[in-house]
Amino acid sequence: MHHNHEENIEAVRKMALQFLAEVIGQCPAGLENNTNRDIVFAVVGFQYGAVQSAAYVAGLGEDASLRITEDVVQTINGMDKERVSKFLALMPMLAAKEYPPIGIGGKAIIAFYNSTTDEAKLETAVSLREILRQIDES
């Protein structure tokens, strides 16, 4: 049982990293250096939602899910652990308030992995870019 749990954790971590790397690849260059807090919260919220959704589908508990999320967000964004922890501490409250990027990220990762064509996968991968476009327009 424990071995299977660890395999699930690693599978979710790999799936989230693969998906989020594809998503970031569809976004404007320089995203990782952006200082606009709205954009940073949208990106981290999207990532949080994606990892949480994948962990839920894999049947992982809250502790495992949080560890995976910290690792993935830190790796994808090149942030230090302290900064990641500060952002992630706010995510449950934002999720409770139905912060759109969290829900969109959660749905996008599932749609990405259920897609049967590369075109359909690409459509889900550009969902973060659409969020960022809306922030820029506001």
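Helix axes here are lines fitted to C-alpha atoms over the stretch in contact, with angles taken between N-to-C directions on a scale from 0 to 180 degrees. Everything in these close-ups comes from a predicted model.

**View 1. Helix 2 packs across helix 4.** The angle between the axes of helix 2 and helix 4 (residues 81-96) is about 75°, and the axes sit 10 Å apart. Angles of 65 to 115 degrees count as roughly perpendicular, so that is the label for helix 2 and helix 4. On the helix 2 side, look for Val40, Phe41, Val44, Gly45 and Tyr48. Their partners on helix 4 are Arg83, Phe87, Leu88, Leu90, Met91, Pro92, Leu94 and Ala95. Sorted by type, the residues of this contact come out as 11 nonpolar, one polar and one charged.

**View 2. The largest nonpolar core has 28 residues.** Start with Phe19, Phe46, Leu128 and Leu132, the members that touch the most other members. At least two residues apiece come from helix 1 (2-25), helix 2 (37-57), helix 3 (62-77), helix 5 (100-114) and helix 7 (127-137). Which helix gives this core its largest share? That would be helix 2, with eight residues. There is also a second, separate core, this one of 12 residues, with Val40, Val44, Val73 and Met79 among them.

**View 3. Met79 is tucked in as a loop residue between helix 3 and helix 4.** Is Met79 buried or exposed? Its relative accessibility is 11%, so Met79 counts as buried. Setting aside residues up to four places away in sequence, Met79 touches Val40, Val44, Gln74, Val84 and Phe87. Val40 and Val44 are listed with Met79 in the second core, and they also belong to the helix 2 side of the contact with helix 4. Phe87 is one of the helix 4 residues in that contact. For a sense of scale, Met79 and Asn4 are 75 residues apart in sequence, and their C-alpha atoms are 30 Å apart in space.

**View 4. Thr69 is a buried residue with polar partners on its side chain.** Thr69 sits in helix 3, and its relative accessibility is 0%, so it counts as buried. Its side chain makes a polar contact of 2.9 Å with the side chain of Gln52. A polar atom of the Thr69 side chain also lies 2.7 Å from the backbone oxygen of Ser65. Leaving out residues up to four places away in sequence, the residues that Thr69 touches are Tyr48, Val51, Gln52 and Leu88. Two of these names, Tyr48 and Leu88, turn up in the contact of helix 2 with helix 4 as well.

**View 5. Asn77 pairs with Gln47 through a polar contact.** Asn77 is another residue of helix 3. Buried means under 20% relative accessible area; Asn77 has 15%, so it is buried. The side chains of Asn77 and Gln47 are joined by a polar contact of 2.7 Å. The Asn77 side chain also has a polar atom 3.0 Å from the backbone oxygen of Val73, and Val73 is listed in the second core.

**View 6. Leu94 belongs to helix 4 and touches Phe41, Tyr99 and Ile102.** That list of neighbors leaves out residues up to four places away in sequence. Leu94 has a relative accessibility of 16%, so it counts as buried. Phe41 and Leu94 are both part of the contact of helix 2 with helix 4. Farther along the chain, Thr117 is 23 residues from Leu94, with 33 Å between the C-alpha atoms.

**View 7. Glu98 has a positive phi.** What is the phi of Glu98 near? It is near 60°, and this residue is not a glycine. Glu98 is in the loop between helix 4 and helix 5, and at 67% relative accessibility it counts as exposed.

**View 8. Asn34 is in the loop between helix 1 and helix 2.** Asn34 touches Ile39 and Val40, once residues up to four places away in sequence are set aside. With a relative accessibility of 25%, Asn34 counts as partly exposed. Leu60 is 26 residues from Asn34 along the chain, and 32 Å separates their C-alpha atoms.

Definitions and conventions: Residues are numbered from 1 along each chain as its sequence is written. This is a predicted model: local features need pLDDT of at least 70, side-chain atom pairs count only at pLDDT 80 or more; totals for chains, interfaces and linings use all residues. Side-chain values use heavy atoms; hydrogens and water are left out. A nonpolar core is a set of buried Ala, Val, Leu, Ile, Met, Phe, Trp, Tyr and Cys residues joined through side-chain atoms within 4.5 Å. Buried means under 20% relative accessible area, exposed over 50%, partly exposed in between (1.4 Å probe, protein chains only). Angles under 35 degrees count as roughly parallel, over 145 as roughly antiparallel, 65 to 115 as roughly perpendicular and the rest as oblique. Contact means heavy atoms within 4.5 Å. Ala, Val, Leu, Ile, Met, Phe, Trp, Tyr, Cys and Pro count as nonpolar, Asp, Glu, Lys and Arg as charged, and the others, Gly among them, as polar. A polar contact is a pair of N or O atoms within 3.5 Å; within protein, one must be able to donate a hydrogen and the other to accept it, and residues adjacent in sequence count only if both atoms are side-chain atoms.
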